[in-house]
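This report describes the fold, the nonpolar core and the side-chain pairings of one protein chain. The sequence and the structure are shown first.

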Amino acid sequence: MRRVLPYLLLAALLLCSCRDDRFITPFVTQEGIRLTVNGKTAFTYNPLTCQLGFNRERCEFRVHTDNMSDFYTLKLSKIPEREGQEVTGTLVWTTATDIYTKKNVTFTAEKLEGDCIWLWTDNGRVGVVVKVLD
């Protein structure tokens with residue numbers, strides 16, 4: 001048993017450190033500015049009823065309904081410049097009943113296309129798509 005235990009621990013560590021592509025792949029393949037939590041869409045930007053905000057100096061993105069009843073904001077340590085780059089940030093978002101905050105979260109830039117950035121963190125399986133505005 002003593003010989004098997006180190007291998008079992010190594011296998012457990014490897015399994016825990018693997019990315020869960022069941023959630024990442026659908027997130028990255030879908031278009032549109034949005035927030036997903038645990039594989040479910042929590043907010044989708046609709047240009048008819050929503051607004052976008054961006055502050056380059058503060059590395060801050062805002063997506064909200066016209067009346068601010070629903071929103072998400074993301075403030076990053078820096079704006080990702082390449083896929084695979086990791087940045088830290090604070091995410092705040094609303095649901096029908098509450099406001100949630102995740103601080104000091106490490107996001108990975110999974111996709112950069114045009115002005116849009118797909119960011120993912122395994123911490124809560126959160127995906128955020130933001131747009132850099134000029």
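Are Phe54 and Phe61 buried or exposed? In this predicted model, both Phe54 and Phe61 are buried.

**Aromatic pairs**

The count of aromatic pairs comes to four. One of them is formed by Phe54 and Phe61, whose ring centres are 4.9 Å apart, with 35° between the planes, a tilted arrangement. Another brings together Trp93 and Tyr100: with centres 5.5 Å apart and planes at 25°, the pair is stacked, because planes under 30 degrees apart count as such. The two partners are covered to unlike degrees, since Trp93 is buried at a relative accessible area of 6%, whereas Tyr100 is partly exposed at 36%.

**Overall architecture**

The protein chain contains two helices and nine strands. Their order along the sequence is α-α-β-β-β-β-β-β-β-β-β, with both helices preceding the strands. Of the 134 residues in the chain, 37% are buried. The chain exposes about 8500 Å², and carbon and sulfur atoms supply 53% of this area. When contacts between residues at least 6 apart in sequence are considered, 39% of them join residues at least 24 apart.

**The nonpolar core**

The largest nonpolar core has 32 residues, and the members that touch the most others are Leu35, Tyr72, Leu91, Phe107, Leu119 and Val128. Strand S8, residues 116-121, provides the largest share of this core, with five residues. Leu119 illustrates how these contacts are distributed. Leaving aside residues up to four places away in sequence, Leu119 touches a set of residues including Phe27, Leu74, Leu76, Pro80 and Val87. Further along the sequence, its contacts include Phe107, Thr108, Ala109, Val126, Gly127, Val128 and Val130.

**Salt bridges**

Side chains of opposite charge can pair when their charged atoms come close. The structure holds four salt bridges, among them the three tabulated here.

| Salt bridge | N to O distance |
|---|---|
| Glu31 and Lys111 | 3.6 Å |
| Arg58 and Glu60 | 3.7 Å |
| Lys111 and Glu113 | 3.8 Å |

Through shared partners, Glu31, Lys111 and Glu113 are joined by salt bridges into one network. Which parts of the chain does the pair Glu31 and Lys111 tie together? Glu31 belongs to the loop between helix H2 (21-29) and strand S1 (34-37), while Lys111 belongs to strand S7 (residues 99-113), so this salt bridge ties together parts that are 80 residues apart in sequence.

The members of the network also vary in accessibility. Glu31 is exposed at 52% relative accessibility, because the cut-off for this class is over 50%. Lys111 has a relative accessible area of 14% and is buried, and Glu113 is partly exposed at 41%.

In the salt bridge between Arg58 and Glu60, Arg58 is partly exposed, with 44% relative accessibility. Its partner Glu60 is buried, with a relative accessible area of 14%.

**Lys111 and Trp118**

Lys111 also takes part in a contact with an aromatic ring: Lys111 lies over the face of Trp118, at 4.3 Å from the ring centre. Lys111 thus combines a position over this ring with salt bridges to Glu31 and to Glu113.

Conventions
Residues numbered from 1 in each chain as written. Predicted model: local features only at pLDDT ≥ 70, side-chain atom pairs only at ≥ 80, totals over all residues. Heavy atoms only, no water. Core = buried A, V, L, I, M, F, W, Y, C linked by side-chain atoms within 4.5 Å. Buried < 20%, exposed > 50% of the residue type's maximum accessible area, 1.4 Å probe, protein only. Helix = DSSP H or I, 4+ residues; strand = E, 2+ residues; numbered from the N terminus. Contact = heavy atoms within 4.5 Å. Areas by Shrake-Rupley, 256 points an atom, 1.4 Å probe, with all protein chains shown as cover. Salt bridge = Lys/Arg side-chain N within 4 Å of Asp/Glu carboxyl O. Phe/Tyr/Trp six-rings, centres within 6.5 Å; stacked < 30°, edge-to-face > 60°. Lys NZ or Arg CZ within 6 Å of the ring centre and 35° of its normal.
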